[in-house]
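Ready for some practice in reading a protein model? Work through the exercises below with the structure open beside you, and try each task before you read its solution.

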Amino acid sequence: MKIAVCIKQVPNTTEIKINPVTNTLIRDGVPSIINPDDKSALEAALKIKEQVGATVAVLCMGPAQAEIALREALAMGADEAYLISDRAFAGSDTLATSTIISDALKLVGFDFIVAGRQAIDGDTAQVGPQIAEHLGIPQITYCAEFDYDAEKEYFRVKRQFEDRYQILGVKSPALFTVLSGSIKPRYMNVRDIIAQDQKEITVLTYADLKCNPDNIGLNGSPTKVKSTFTKQFNSDRQLVEAEPAEAAKIIAEQLKAKHII
């Protein structure tokens with residue numbers, strides 16, 4: 001069995017700042033991390049590996065520095081690592097990105113795919129489902145738990161909603177997107193940290209994937225980011241001390257005055 005895990009190296013959003021003049025991200029000095037949902041996806045794959053025996057291949061699309069994220073994945077226990085990197089991929093939106101990653105997955109091979117629900121720097125939750133569509137395989141999103149029945153070759157998945165869970169079953173090949181809060185990633189151990197240094201990271205370029213140039217990069221991206229900005233808060237406020245009933249009346253009057261209710 002071969003499990004493909006899609007990860008992304010993202011800036012640590014707890015330390016992100018916005019340039020107030022250009023409305024763009026200030027990336028200088030901001031540390032990069034493996035996207036939290038993707039790290040949980042990797043943990044899910046590693047648990048299946050321990051359960052039935054499997055090869056875990058991790059794929060990451062990004063610049064050369066994304067090798068750091070792949071090295072961390074190898075140190076967690078992944079067996080193979082692939083960096084999808086080429087200047088031709090620059091400017092790709094979610095559709096172009098999923099197209100590129102899909103071509104890489106066809107080249108690498110897989111029995112099933114695990115990815116994070118969404119990336120903290122984009123929050124679109126689109127790439128995973130789009131990959132499944134490109135590959136023509138079933139997908140289950142928002143996975144909180146999933147178990148593999150080796151005898152029946154069958155996955156039992158617990159899918160999370162806001163107010164309930166849904167239990168689904170599927171056979172491979174399939175794609176799962178995982179929630180970071182549901183599966184806690186393991187810590188790296190000394191043995192795997194040392195072992196990862198001996199493992200090679202394979203770089204996949206435009207020439208390797210033979211992508212259609214009309215479907216990648218800026219040319220293949222139907223969406224563009226016009227600007228980025230932080231929400232501005234008005235610090236003007238009025239403090240009123242009153243009994244609960246009177247306070248509720250005052251709040252209601254203010255909301256009516258602002259045409260909110």
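**Exercise 1. A contact made by Gln-126**

Task: Find which side chain the side chain of Gln-126 makes a polar contact with, and place Gln-126 in the chain.

Solution. Begin with the contact: the side chain of Gln-126 meets that of Thr-94 in a polar contact of 2.7 Å. Keep in mind that this is a predicted model. Next, locate the residue: Gln-126 sits in the loop that runs between strand 8 (112-116) and helix 4 (127-135). Then check its cover: Gln-126 has a relative accessible area of 36%, so it counts as partly exposed. Finally, look at a second residue, Ser-98: its C-alpha atom is 8.5 Å from that of Gln-126, although the two are 28 residues apart along the chain.

**Exercise 2. The length and cover of helix 3**

Task: Work out what span helix 3 should have at 1.5 Å a residue, and compare it with the distance between its end C-alpha atoms.

Solution. Helix 3 covers residues 94-108, which makes 15 residues. The expected span is 1.5 Å times one less than the number of residues. That gives 21 Å, and the end C-alpha atoms are 21 Å apart, so the two values agree.

Now turn to cover. How many of the residues of helix 3 are buried? The count is 11 of 15, so the helix is mostly covered. Among the buried ones are Thr-94, Ser-98, Ile-101 and Leu-105.

Last, inspect the two ends. At the start, a side-chain oxygen of Asp-93 comes within 3.1 Å of the backbone nitrogen of Leu-95. After the helix comes Gly-109, with a positive phi near 90°. You can try a similar check on helix 2 (residues 67-76): its buried residues include Ala-69, Leu-70 and Met-76. Just after helix 2, Gly-77 has a positive phi of about 135°.

**Exercise 3. Strand 8 and its partners**

Task: Sort the residues of strand 8 by the way they point, and name the strands that bridges join to it.

Solution. A general idea helps here: in a regular strand the side chains alternate between the two faces of the sheet. In strand 8, Phe-112, Val-114 and Gly-116 point one way, while Ile-113 and Ala-115 point the other way. Are these residues buried or exposed? They are all buried, which fits the count of 5 of 5 for this strand.

Now find the partners. Strand 1 (residues 2-7) runs parallel to strand 8 and is joined to it by 4 bridges; in this pair, Val-5 has Val-114 as its bridge partner. Strand 12 also runs parallel to strand 8, again with 4 bridges, and there Ala-115 stands opposite Thr-177.

**Exercise 4. An antiparallel pair**

Task: Describe how strand 10 and strand 11 pair.

Solution. First, the direction: strand 10 and strand 11 are antiparallel, with 6 bridges between them. Second, the connection: they form a hairpin, and 4 residues lie between the strands. Third, one example of a bridge: Lys-158 has Ile-167 in strand 11 as its partner.

**Exercise 5. Backbone exceptions**

Task: Decide what sets the backbone of Glu-153, Lys-210 and Pro-173 apart from the general rule.

Solution. Recall the rule: most residues other than glycine have a negative phi, and most peptide bonds are trans. Glu-153 has a positive phi near 55°, and this residue is in the loop between strand 9 (139-149) and strand 10 (154-160). Lys-210 also has a positive phi, near 55°. Because its relative accessibility is 68%, Lys-210 counts as exposed. For Pro-173, look at the peptide bond from Ser-172: the bond is cis, with omega near 5°. Pro-173 belongs to the loop between strand 11 (165-170) and strand 12 (175-178).

**Exercise 6. Cysteines without a bond**

Task: Find how many disulfides the whole structure has.

Solution. The search gives 0 disulfides. Take Cys-60: the nearest cysteine sulfur, in Cys-6, is 9.6 Å away, while a disulfide needs sulfur atoms within 2.5 Å. Cys-60 is buried, because its relative accessibility is 0%. Cys-211 has its closest cysteine sulfur in Cys-6 too, at 14 Å, which is too far for a bond. With 4% relative accessibility, Cys-211 also counts as buried.

Conventions: Residues are numbered from 1 along each chain as its sequence is written. This is a predicted model: local features need pLDDT of at least 70, side-chain atom pairs count only at pLDDT 80 or more; totals for chains, interfaces and linings use all residues. Side-chain values use heavy atoms; hydrogens and water are left out. Helices (H or I, at least four residues) and strands (E, at least two) are DSSP runs, numbered from the N terminus. Buried means under 20% relative accessible area, exposed over 50%, partly exposed in between (1.4 Å probe, protein chains only). A polar contact is a pair of N or O atoms within 3.5 Å; within protein, one must be able to donate a hydrogen and the other to accept it, and residues adjacent in sequence count only if both atoms are side-chain atoms. Two strands pair if DSSP finds at least two bridges between them.
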